[in-house]
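Subject: Model for your files

Hello,

Here is the model I said I would pass on. My notes on the strands and helices follow below it.

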Amino acid sequence: MKRRVLVLPQDFPDYSWEVEAKGVFWDTAVERGGECFSVVFYDPIRLQQDVGGEVAERSAFAVSRLLVIPSVTEQHMRDALDAAPEEFFH
């Protein structure tokens, strides 16, 4: 398995509490084997809210490379990347 590195904005510690409170984070990437992938993290409650709203408005909800974690913290994001199967990055 190739090493996975979570890439966060440099100022993430300044607003990480806000990301956790919102339950979603779009502004991140993962470096793996020289490639960079965008990844979206959601907590289950926020995901349910967004899916419900999008499906009601547009009849569909789609997000590439979505990981659902207990809460959107740096540690949970790192843990999720470690646990993600290799297929996630293809």
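This is a predicted model, in which local features need pLDDT of at least 70 and side-chain atom pairs count only at pLDDT 80 or more, while totals for chains, interfaces and linings use all residues. Residues are numbered from 1 along each chain as its sequence is written, and side-chain values use heavy atoms, with hydrogens and water left out.

Helix H3 (residues 74-83) lies across E2, E5 and E6 and runs at about 115° to E5. Helix H2 (residues 44-58) also lies across E2, E5 and E6, at about 105° to E5. Helices (H or I, at least four residues) and strands (E, at least two) are DSSP runs, numbered from the N terminus. Axes are lines fitted to C-alpha atoms, for helices over the stretch in contact (heavy atoms within 4.5 Å), and angles run from 0 to 180 degrees between N-to-C directions.

The 3 strands under these helices form an open sheet with mixed pairing, in the order E2-E5-E6. Its edge strands, E2 (24-25) and E6 (66-68), each pair on one side only. Two strands count as paired if DSSP finds at least two bridges between them. E2 and E5 (residues 40-42) run antiparallel, joined by 2 bridges; Phe-25 has Phe-41 in E5 as its bridge partner.

Other strands pair as well. E1 (residues 4-7) and E3 (residues 29-32) are antiparallel with 4 bridges, and Val-7 is opposite Ala-29 in E3. E3 also pairs with E4 (residues 35-38), antiparallel over 4 bridges, where Val-30 faces Phe-37 in E4. The E3-E4 hairpin has 2 residues between its strands, and Gly-33 there has a positive phi near 55°.

Regards
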